[in-house]
Amino acid sequence: MKKLSIPLTATILLLIIAPVYTFGMHIMEGFLPFEWVIIWSILFIPFFMLGLKDLKKIFARDPRQKILIALVTAFVFVLSALKLPSATGSSSHPTGVGLGAILFGPKIMAVIGTIVLLFQALLLAHGGLTTLGANAFSMAVVGPFVSYTVFRFMRKGNVNKGLCVFAAASLGDIATYIVTSLQLALAFPDPVGGVTASAVKFLSVFLLTQIPIAAAEGILTNIVYDLIQKNNPEGEEAYEIKGYK
Amino acid sequence: MLIIDKIAYNNRLSQTNPYLKFGVGFALLILSVLWNNLWGLGAIILGVNSILIAVARINKKQYIKLLTIPIVFILFSLIATIFYVSKEKSDFLFSVGFSNCYIGYSMITLMRAIHILLRSFAALSCIYFITLTTGFNQLILVFKKLRIPKEIIEIIMLTYRFIFIFLEEVAELYIAQEMRFGYINLKTAYRSLGILVSTLFTRIVMRYQDMSIALDTKLYDGEFYI
């Protein structure tokens with residue numbers, strides 16, 4: 001047993017971890033030390049404020065949009081509680097954030113995503129109040145922002161719409177995964193290799209499960225986006241929050 | 001459908017002052033993240049859990065079930081913080097050798113892992129203390145007292161209402177699809193799930209239109225008075 005081959009051990013280790021990690025990318029309650037709780041909260045608040053300012057403007061123009069925002073928030077929460085069949089046979093959870101970012105834009109998704117995370121922490125004990133800042137930064141700020149940018153950028157380049165949606169949703173997922181790994185690595189540096197080695201460790205632990213999840217999320221978002229467009233002759237325009245774009 | 005929500009309305013502490021419950025829970029939560037003393041964390045874990053079980057009279061079986069999922073999750077997250085790679089063998093308590101380096105854990109990483117585990121467990125107990133004894137209607141009172149922006153509280157309140165409507169709809173749609181072998185293999189499962197999600201989305205838009213009309217007939221002036 002002294003000299004095990006690295007690929008074999010890695011595979012065994014990952015097979016043990018895989019079913020658990022498909023649960024999502026939330027940092028659990030109390031996992032981060034206090035200083036990182038503060039740092040990530042401070043980093044995240046400006047984005048939330050920006051989104052809130054936009055929302056207030058929208059509400060001032062049409063107060064009925066409050067219901068729509070709440071409906072979308074509930075929709076994203078319910079999506080995150082759904083099971084998503086993935087290639088490894090186990091189930092993972094779609095985040096729905098990519099779809100939201102494409103339909104409503106990243107700033108509003110920052111607010112919606114944060115409220116979803118709050119509900120997940122309070123009703124599902126998934127994530128946490130102390131780690132809300134860190135989770136919101138990776139899931140409600142970086143993820144939607146990447147999805148939205150990728151989608152806009154690829155649309156301008158006249159790429160096939162299906163491919164755009166797929167790339168936006170899955171790249172948003174992967175961005176979230178990278179940011180979460182970095183957050184964990186910064187808080188728990190490796191005793192020998194420091195933050196970089198720790199980042200590599202966290203990235204590789206998540207890698208095997210996050211890539212299929214990202215692909216699955218991409219495919220699902222694609223199907224949903226397609227159906228939404230087919231069901232409504234006006235396409236996505238009908239669902240856009242009035243006065244935002 | 002959501003077990004935490006159900007327990008929150010059915011325990012001995014459900015009628016206690018919500019500000020007190022939230023205050024105590026949140027103060028202990030901050031304390032457990034700030035305090036580096038392992039005995040202190042142990043005391044928080046013991047204290048909070050005994051209040052939950054002895055005073056609030058929460059069903060032990062349900063509570064243990066609620067604890068297991070996050071704890072397993074935390075344990076697996078700890079793997080990456082315990083093990084590390086080094087070329088020297090001296091620091092390790094236990095290690096497996098590869099061609100030119102060693103993988104294992106040392107006293108420092110092990111102590112750190114124990115600390116994280118206790119901290120997470122203490123924080124988890126505190127958050128369960130808040131959510132299992134305080135129903136959401138009471139939490140909204142707390143949010144109001146904390147001066148969270150009015151718009152956010154309104155959205156939170158409305159969302160809380162809609163979540164249960166949607167969960168019910170999803171359950172119905174899922175059963176209907178399952179009866180028609182909608183989840184028999186991966187390909188149909190994706191298609192079914194896609195249909196489910198888009199149906200849900202269409203219903204959201206319909207509900208939005210219906211509620212707008214309903215609000216107009218009730219002379220909605222842009223404010224939900226909470």
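This is a short chat about a two-chain predicted model.

Q: What kind of model is this, and which cut-offs apply?
A: The model is predicted: local features need pLDDT of at least 70, side-chain atom pairs count only at pLDDT 80 or more, and totals for chains, interfaces and linings use all residues. Residues are numbered from 1 along each chain as its sequence is written, chains are lettered from A and ligands numbered from 1 in the order written, and side-chain values use heavy atoms, with hydrogens and water left out.

Q: Chain A first. How many helices and strands?
A: Eight helices and two strands. Helices (H or I, at least four residues) and strands (E, at least two) are DSSP runs, numbered from the N terminus.

Q: What order do they come in?
A: From the N terminus, chain A reads α-α-α-β-β-α-α-α-α-α.

Q: And chain B, how many of each?
A: Chain B has eight helices and three strands. Its order from the N terminus is α-α-α-α-β-β-β-α-α-α-α.

Q: How much of each chain is buried?
A: In chain A, 61% of the 245 residues count as buried. In chain B, 49% of the 226 residues do. Buried means under 20% relative accessible area, exposed over 50%, and partly exposed in between (1.4 Å probe, protein chains only).

Q: What area does each chain expose?
A: Chain A exposes about 9500 Å², with carbon and sulfur atoms supplying 71% of it. For chain B the area is about 11900 Å², and carbon and sulfur atoms supply 66%. The areas come from the Shrake-Rupley method with a 1.4 Å probe; for residues, only the protein chains shown count as cover.

Q: What share of contacts is long-range in sequence, say 24 or more positions apart?
A: In chain A, 72% of the contacts with a separation of 6 or more. In chain B, 64% of contacts between residues at least 6 apart join residues at least 24 apart. Contact means heavy atoms within 4.5 Å.

Q: Switching to the helix pair across the chains. At what angle do α5(A) and α6(B) pack?
A: About 130°, with axes 13 Å apart. The helices are residues 106-123 of chain A and 136-145 of chain B. Axes are lines fitted to C-alpha atoms, for helices over the stretch in contact, and angles run from 0 to 180 degrees between N-to-C directions.

Q: What is that arrangement called?
A: α5(A) is oblique to α6(B). Under 35 degrees is roughly parallel, over 145 roughly antiparallel, 65 to 115 roughly perpendicular, and the rest oblique.

Q: Which residues meet there?
A: A:L118, A:F119, A:L122 and A:L123 meet B:F136, B:L139 and B:F143. Seven are nonpolar, none polar and none charged. Ala, Val, Leu, Ile, Met, Phe, Trp, Tyr, Cys and Pro count as nonpolar, Asp, Glu, Lys and Arg as charged, and the others, Gly among them, as polar.

Q: Where is B:T131, and is it buried or exposed?
A: B:T131 is in helix α5 (residues 107-133) of chain B. B:T131 is buried, at 5% relative accessible area.

Q: What does B:T131 touch?
A: A:L122, B:I4 and B:A8, leaving out residues up to four places away in sequence.

Q: Backbone next. Which phi value does B:R147 have?
A: A positive one, about 60°, and B:R147 is not a glycine. Most residues other than glycine have a negative phi. B:R147 lies in the loop between α6 and α7 (150-179) of chain B and is exposed at 74%.

Q: What about B:F181?
A: B:F181 also has a positive phi of about 60° without being a glycine. B:F181 sits in the loop between α7 and α8 (186-217) of chain B. At 58% relative accessibility, B:F181 is exposed.
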